Structures are given as C-alpha cells and as structure tokens.
There are 2 protein chains.
Amino acid sequence: MTRPSSDAPRVAAHAGAREATPEEVGAYAVQVRAAVEGELDRLVPAETVDPPSVHAAVRWSLFAPGKRFRPLLVFAAGETFGAPHAKLIRTACAFELLHTYSLVHDDLPAMDDDDLRRGRPTCHVKFGEATAILAGDALQTLAFQAIAEDESLDADLRVRLVALLARAAGTPGGMVAGQAHDLAAEARDDVDGEELERIHRRKTGALIAAAARAGALVAGADESEVEAVNAYALDLGLLFQITDDLLDVTASASDLGKTPGKDARANKATYPALYGLEAARARALEVFERACAALDTIHTPTPVLRGLARLVLERRA
Amino acid sequence: MTRPSSDAPRVAAHAGAREATPEEVGAYAVQVRAAVEGELDRLVPAETVDPPSVHAAVRWSLFAPGKRFRPLLVFAAGETFGAPHAKLIRTACAFELLHTYSLVHDDLPAMDDDDLRRGRPTCHVKFGEATAILAGDALQTLAFQAIAEDESLDADLRVRLVALLARAAGTPGGMVAGQAHDLAAEARDDVDGEELERIHRRKTGALIAAAARAGALVAGADESEVEAVNAYALDLGLLFQITDDLLDVTASASDLGKTPGKDARANKATYPALYGLEAARARALEVFERACAALDTIHTPTPVLRGLARLVLERRA
C-alpha cells in the first residue's frame with residue numbers, strides 16, 4: 001500500500017526540538033486522526049452491507065469523536081525511528097479497533113453500565129445489548145484481521161504484531177485481566193495505591209505501551225530503543241489514568257463526553273480518592289517526569305513523544 | 001514443537017478405505033479430543049492465575065465436554081494431505097477457542113439467553129454476566145494469539161491462518177454477521193429456506209469450512225484440493241445445522257447437553273419448521289451426498305472425512 005506523501009503527518013517526530021509545543025503536537029494529532037479515520041472507513045464494511053445492524057453499531061462507536069490516542073502513539077513512536085506512514089497506518093487502526101471494542105463491552109449494563117461515551121449514547125443504548133455485544137466482538141476480530149492482511153509489512157513482523165496486540169488485549173497480562181480485576185476490586189474498600197496501579201497497568205497501560213512498542217517494531221528500532229519507548233508509554237498510560245481520575249472529579253460532562261463523577265458514586269478506588277486531589281496531581285507530575293526520563297536513553301530526538309506526555313499531563317478533557 | 005508419535009491420532013486420514021467406519025471415526029475423534037484438550041490446558045492460564053474469575057470462567061466453558069468438531073476437521077483435513085500432528089495442534093486449538101467464545105457470548109441473556117450448555121450451567125449463570133463477557137473476549141484473543149505464536153509454522157502461513165480465522169469469525173461474511181442476521185430474523189415470520197441457509201452459512205458454516213481449509217493449508221494442499229475440502233466442509237456445516245434443528249425437536253436435554261425445544265418456543269425458523277420432519281431429513285441426506293461428492297475431486301483417499309460426514313448425518317446428540 002502506497003500513499004501520497006501529502007497525506008503524511010507534517011510534524012516529523014524527530015524534528016530536533018527537545019519538546020514539541022502543544023500546537024505542534026495538536027497539529028500532528030489532527031493529521032494522524034484524519035489518516036486513521038480514513039483508513040478505518042476503508043477497513044470497516046459500510047452500514048448498507050448486510051447485516052446492517054452490526055455495521056451501523058460498529059461505525060457508531062468507531063467514528064464517534066475520539067482522541068485516537070493509541071494510533072497517535074503508534075505513529076509518534078514509529079516515526080521517531082523512521083518508519084514510513086504507509087507501514088504504520090494499519091497497525092494504528094488495529095489498536096483503535098481493539099480499543100473501541102473494549103469501550104463497547106465495558107459500557108454494557110453488566111459491566112460499567114454507561115449511557116454516554118465520546119459525547120454520544122453508548123452502543124447498547126443506541127442499538128440494544130445484543131447488537132452491542134456483537135459489534136464489540138466484530139471490532140476485536142477486525143483488529144487482528146487488519147494486521148494479518150497488512151501487505152506493507154513482511155509476515156514475520158505481522159505475526160509479532162498480532163501476538164503483541166493479543167497479549168496486551170487479553171489475559172493474564174492485558175486489558176481483559178485488568179477489567180476483571182477492576183470489577184472485582186469495586187466490591188472491596190481496601191484497594192491501595194499499589195493494587196490500583198496494577199489494575200491500571202493491565203486495564204489501560206498494557207495496550208498503550210503495546211501501541212508505542214508496535215510503532216517502534218515496525219520501524220525496526222533496536223531492542224534498547226523498543227524497551228525505552230515501552231517504558232515511556234507504560235508511564236504515559238499511568239499518567240493518562242491519573243489525569244482521567246482527576247477529570248472525573250473536576251470536569252463537566254460536556255468537556256468529557258462521558259458522565260463525570262461516576263467513580264465517586266461507584267465508590268471506585270481512584271487516585272484522588274486514595275491520595276486527595278493535590279497528592280494525585282503531584283503523582284501525575286512525578287509519572288510525567290519518569291516517562292520523559294525513559295526517553296533520555298534514546299539517541300534520536302523525541303520531541304513529539306515528550307510533547308505528547310505534557311499534553312496528557314495538562315489535558316482538560 | 002515436537003511430540004512423541006504415540007500422541008498422534010492413530011487412524012490415518014488416508015488409510016485407503018473409502019469411508020471410515022463409525023468406530024474408526026469415533027476412535028480418531030477421541031484421539032484428537034485428548035490432544036486438543038491437553039494443548040488447550042497448556043495455552044490457557046490456570047485458575048489460580050490472577051484474575052481467577054476470568055480464568056475459571058474461561059476454563060469452565062472451554063473444558064465442558066464438547067465434540068471438538070472444528071479441531072477434528074482441522075486434523076482430518078490436514079492429515080488427509082499429510083500435515084504432521086505437531087503442525088496442526090495449535091490451529092485446531094485456535095478454532096476451538098474461537099468457537100467457545102461464540103458459545104459464551106451467544107448464551108448471554110441479551111442474546112439467546114440459554115442456561116444450559118454442554119451439559120452444564122452456562123458461563124454467565126455460573127460466573128455472572130460481566131465475567132462471561134470478559135471470558136468470551138479473552139477466548140477470542142487467545143485464539144489469534146495461539147496461531148500467531150505457533151512456532152511450528154512459518155510466518156507466512158500463520159498470517160494466512162489469522163486472516164482466514166478472522167474472516168470466518170467476523171463480519172460481513174462470518175459468524176458474527178450470521179448471529180446478527182439470525183437475531184434480526186427471529187422477529188420476523190417470513191424467513192424462507194434460502195434465507196435460512198444464508199444465516200447458517202455465516203453463523204456456523206463459515207467457521208467450520210475455515211477449519212477444514214486451515215488444515216489443508218497447513219498441509220500445503222494445492223488450490224483445487226483446498227477448494228474441494230472447503231466445499232465439503234461448507235456442506236458438512238449445513239448438515240450439522242439441519243441435524244441440530246432435527247435434534248432440537250426429537251432429542252432429550254440429557255442427550256443434547258442443552259435445552260431442547262427452544263427453537264419452537266422462540267418461534268425460530270428451522271428446517272423442520274419450514275419443511276416438516278421428513279423433508280428436513282431428506283434435505284440432510286441430499287446435503288450429505290453433495291458433501292461427499294465434493295471429495296470425489298481429490299486424488300487422495302478421504303475415508304475419515306467421509307466417515308465424519310456420515311456420523312453427522314446419523315448423530316443422535
């Protein structure tokens with residue numbers, strides 16, 4: 001698959017600046033988002049294709065306005081080490097497909113029972129539970145298919161990426177394990193900070209770290225570089241979660257695109273609940289600095305990855 | 001991965017006999033089942049591994065007594081064309097993992113709402129809906145991981161198998177599409193025979209055909225042989241469905257290991273409901289003969305595949 005270079009994100013990840021400005025990272029994110037949404041549109045059957053219910057539900061959840069954070073990390077990490085756009089786009093889409101499946105299933109009444117997501121009614125509210133379950137299932141399948149059929153990558157790399165995505169998504173070390181642990185912990189009131197981090201590392205951190213790792217693998221980065229990017233992204237995921245918890249306390253529904261204050265009502269263990277607002281903010285800064293320190297071991301400039309970490313630290317939605 | 005040859009199924013698929021006897025096919029099935037269950041036990045985390053809820057639920061559904069029909073087809077098709085046991089076992093397990101995920105999700109209250117499966121309470125009855133959703137999700141992930149990490153196969157073949165499994169499992173041509181179509185059709189009373197076959201071809205036929213195709217691909221069968229086995233297996237899947245519908249009318253719960261008579265109560269379109277018992281039986285025989293005719297184009301003897309088709313035609317559970 002080739003693509004005109006004008007489609008490629010314009011802010012090179014290794015532009016020389018130590019930390020890209022919020023505007024530069026924002027512009028980069030806009031470019032990635034447009035490219036990923038275009039490719040997702042090609043990967044997913046149209047709503048007119050039979051059976052329309054599942055395709056409408058898949059598209060409803062997939063094309064709701066989203067940050068496309070995991071695709072952004074695939075690109076930022078991959079381009080840091082020189083991977084071309086055309087070799088990253090499918091993998092970036094696979095991570096978004098996988099992530100979206102998890103949102104659809106996590107929102108179900110039997111799970112987190114959420115009505116609002118990305119500023120819209122959740123999939124089961126709009127299409128019914130059965131269709132939402134099937135849409136999530138189809139999204140997961142499509143994620144693996146997107147990588148397996150990516151003819152821009154050699155088969156060895158595709159196999160490594162499928163295995164990487166699966167381990168990050170599944171159990172015992174990945175997302176499903178984290179969600180199960182989180183649900184089990186909700187019924188308890190003795191969750192401490194260490195357990196909370198273990199939950200988040202699997203529930204969200206594993207997939208975020210795998211996205212960055214995948215980008216570096218596609219680029220053919222050497223092992224120490226892959227590990228450095230992985231360490232950075234694990235902390236970035238943790239940072240994302242801490243700021244998510246903070247926003248659940250401090251932001252409005254229209255800023256968030258989902259229902260705020262749910263954590264407190266659900267009596268969930270969160271950073272603000274465990275440590276208080278100020279200490280949670282201090283913890284966020286500490287994790288941000290550790291994420292950036294991991295990048296110091298990389299010999300290539302990493303302005304976008306650094307700028308992205310600051311954006312997560314300072315995000316308002 | 002190597003394995004002592006004493007572990008390998010004993011009835012060679014190309015033993016020369018035109019149609020293996022029910023006893024021979026039965027013995028072959030027992031061998032495959034034992035090998036597959038052993039390998040599944042190695043692939044799936046133990047119940048003691050954190051989080052225990054998901055692993056217990058995965059194992060509950062996976063190790064319920066099952067026919068292991070899809071693994072059996074992987075082996076029967078693969079060994080017909082000379083693939084060694086060690087190259088088939090992981091792929092066989094992947095099909096069983098994928099199939100089991102679909103059973104767990106299809107049984108959910110929002111879907112078919114079934115309480116009994118493989119002779120036991122269904123996953124959500126035993127472990128709750130949230131855990132059942134997650135267990136199904138984890139099983140799907142594990143299916144793709146099992147193939148991606150199968151070091152007995154070269155990467156090109158693994159990539160083809162992942163794509164094959166994904167297309168058979170997903171949408172628009174696979175299992176999820178068939179299940180969505182089936183759910184949508186339940187609300188209607190104008191489903192005819194043609195539409196019913198279209199539903200079954202995707203809901204169950206696609207995965208069954210893919211299992212046979214996968215075995216032939218692993219063996220390196222030539223394209224016409226792969227297509228012949230695929231055509232055979234599509235009809236075998238249809239045959240399985242017709243006899244399933246017949247058993248739902250005529251068998252007892254203890255024979256079936258699931259609740260009989262559900263189709264009629266759910267006002268589902270079935271072969272007996274559309275055509276009557278006798279015509280449905282005649283249709284089964286016709287499909288059996290077409291399945292065997294597809295095998296006539298293969299130059300290798302296919303006794304096990306033929307015997308398997310007869311076993312499905314004449315099954316009582």
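The contact between the two chains takes 44 residues from chain A and 44 residues from chain B, where two residues are in contact if their C-beta atoms, placed from the backbone, lie within 7 Å. This is a predicted model, in which local features need pLDDT of at least 70, side-chain atom pairs count only at pLDDT 80 or more, and totals for chains, interfaces and linings use all residues. Residues are numbered from 1 along each chain as its sequence is written, with chains lettered from A and ligands numbered from 1 in the order in which they are written.

On chain A, the elements that give two or more residues to the side touching chain B are α2 (52–62), α6 (129–148), α7 (155–169) and α8 (175–186). Helices here are DSSP runs of H or I, at least four residues, numbered from the N terminus. α6(A) gives the most to that side, with 13 residues.

Now the symmetry. A turn of 180 degrees and a shift of 0.0 Å along the axis lay chain A on chain B with an RMSD of 0.0 Å, superposed by least squares on the C-alpha atoms of residues with pLDDT of at least 70 in both. The two copies are thus related as by a two-fold rotation axis. In chain A, the C-alpha nearest the axis belongs to Ala155(A), at 2.7 Å. Also, 100% of the interface residues of chain A are interface residues in chain B too, so the copies meet through the same surface.

Last, α6(B). Of its 20 residues, 19 are buried, so α6(B) is largely enclosed by the rest of the structure; buried means that 20 or more other C-beta atoms, placed from the backbone, lie within 10 Å of the residue's own.

Methods:
A residue is buried if 20 or more other C-beta atoms lie within 10 Å of its own, exposed if 12 or fewer, and partly exposed in between; C-beta atoms are placed from the backbone.
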